[in-house]
Amino acid sequence: MTIYESSRSMTSSVTPEWAWRTGPEEPAWRLSWLPHPLTREQALAGMELQEILSHPDLASDPAAQALADRLGITVRQAIGLLHQRMLDRSHS
């Protein structure tokens with residue numbers, strides 16, 4: 001699992017989700033699957049969380065909850081949001 005990061009975006013080697021920078025001042029990041037503004041550190045945590053959750057057997061890993069906590073959500077909420085994104089992509 002690898003996250004590719006530039007000054008303006010983050011992408012994943014295992015998931016189609018991404019993060020992008022929206023402006024010069026924090027919180028200046030957005031995740032494709034989470035609707036509120038984030039700091040760079042939160043965006044990176046979100047990218048790491050989506051990679052962990054791409055492997056269902058890791059959803060109960062304590063690292064997943066720690067990353068979700070940084071985003072102010074639960075692992076269950078993250079799973080729901082990522083599942084909705086998957087459904088949205090399949091209907092596009």
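Buried means under 20% relative accessible area, exposed over 50%, and partly exposed in between. Keep that scale at hand for the exercises below, which all concern a predicted model.

**Exercise 1. A salt bridge and its acidic partner**

Task: Find the salt-bridge partner of arginine 85, and decide whether glutamate 17 is buried or exposed.

Solution:
- Step 1. Start from the contact: arginine 85 pairs with glutamate 17, and their closest N and O atoms are 3.0 Å apart.
- Step 2. Place the two ends. Arginine 85 sits in helix H3 (residues 75-90), while glutamate 17 belongs to the loop between strand E2 (9-12) and strand E3 (18-21). With their positions 68 residues apart, the pair links distant parts of the chain.
- Step 3. Apply the scale. Glutamate 17 has 3% relative accessibility, so this residue counts as buried.

**Exercise 2. The other salt bridges**

Task: How many salt bridges does the model hold, and which residues are linked in a network with Arg40?

Solution:
- Step 1. The count comes to 5 salt bridges.
- Step 2. Take arginine 40 next: its side chain meets that of glutamate 5 at 2.7 Å, N to O. This pair also links distant parts of the chain, with arginine 40 in helix H1 (residues 40-53) and glutamate 5 in strand E1 (residues 3-5), 35 residues apart.
- Step 3. Extend the contact to a network: Glu5, Arg40 and Glu41 are linked by salt bridges.
- Step 4. Check accessibility. Arginine 40 has a relative accessible area of 27%, so it is partly exposed. Glutamate 5, at 38%, is partly exposed.
- Step 5. Add the pair of arginine 21 and glutamate 26, whose closest N and O atoms are 3.7 Å apart. The cut-off is 4 Å, and the pair is a salt bridge. Arginine 21 is partly exposed at 26%, and glutamate 26 is partly exposed at 42%.

**Exercise 3. An unusual peptide bond**

Task: Which residue is joined to glutamate 26 by a cis peptide bond?

Solution:
- Step 1. Recall the background: most peptide bonds are trans.
- Step 2. Look at omega. The bond between glutamate 26 and proline 27 has an omega of about 0 degrees and is cis.
- Step 3. Locate the site: proline 27 lies in the loop between E3 and E4.

**Exercise 4. Strands and their partners**

Task: Work out how E3 is joined to E2 and to strand E4.

Solution:
- Step 1. E2 and E3 run antiparallel and are joined by 3 bridges. They form a hairpin with 5 residues between them.
- Step 2. Name a bridge pair: serine 9 has tryptophan 20, in E3, as its partner.
- Step 3. Turn to E4 (residues 29-31), which runs antiparallel to E3 and is joined to that strand by 3 bridges. Here alanine 19 stands opposite leucine 31.
- Step 4. Look at methionine 10, which lies in strand E2. Its relative accessible area is 0%, so methionine 10 is buried. The C-alpha atoms of methionine 10 and tryptophan 20 are separated by 6.4 Å, with the two residues 10 apart along the chain.

**Exercise 5. The aromatic pair**

Task: Is the pair of tryptophan 18 and tryptophan 20 stacked, tilted or edge-to-face?

Solution:
- Step 1. A pair of aromatic rings is described by the distance of the centres and the angle of the planes.
- Step 2. The count comes to 1 aromatic pair. The ring centres of tryptophan 18 and tryptophan 20 are 6.0 Å apart and the planes stand at 35 degrees, so the pair is tilted.
- Step 3. Compare with the scale: tryptophan 18, at 36%, is partly exposed, and tryptophan 20, at 32%, is partly exposed.

**Exercise 6. The largest pocket**

Task: Describe the lining of the largest pocket, and decide whether glutamine 50 is buried or exposed.

Solution:
- Step 1. The largest pocket holds about 240 Å³ of space. It is lined by 14 residues, and the closest to its centre are Gln50, Leu53, Ser54, Leu82 and His83.
- Step 2. Sort the lining by type: 8 residues are nonpolar, 4 polar and 2 charged.
- Step 3. Sort by element. H1 and H3 each give at least two residues, and H3 supplies the largest share, 5 residues.
- Step 4. Glutamine 50 is in helix H1. Its relative accessibility is 2%, so glutamine 50 counts as buried.
- Step 5. Connect back to Exercise 2: glutamine 50 and arginine 40 are 10 residues apart in sequence and 15 Å apart in space, C-alpha to C-alpha.

Methods
Residues numbered from 1 in each chain as written. Predicted model: local features only at pLDDT ≥ 70, side-chain atom pairs only at ≥ 80, totals over all residues. Heavy atoms only, no water. Helix = DSSP H or I, 4+ residues; strand = E, 2+ residues; numbered from the N terminus. Buried < 20%, exposed > 50% of the residue type's maximum accessible area, 1.4 Å probe, protein only. Phe/Tyr/Trp six-rings, centres within 6.5 Å; stacked < 30°, edge-to-face > 60°. 1 Å grid on protein atoms, 1.4 Å probe; cavity = no way out; pocket = protein on both sides within 12 Å on 5 of 7 lines; lining within 4 Å. Points joined across faces, edges and corners; volume = space filled by probe spheres on them. Nonpolar A, V, L, I, M, F, W, Y, C, P; charged D, E, K, R; others polar. Pairing = 2+ DSSP bridges.
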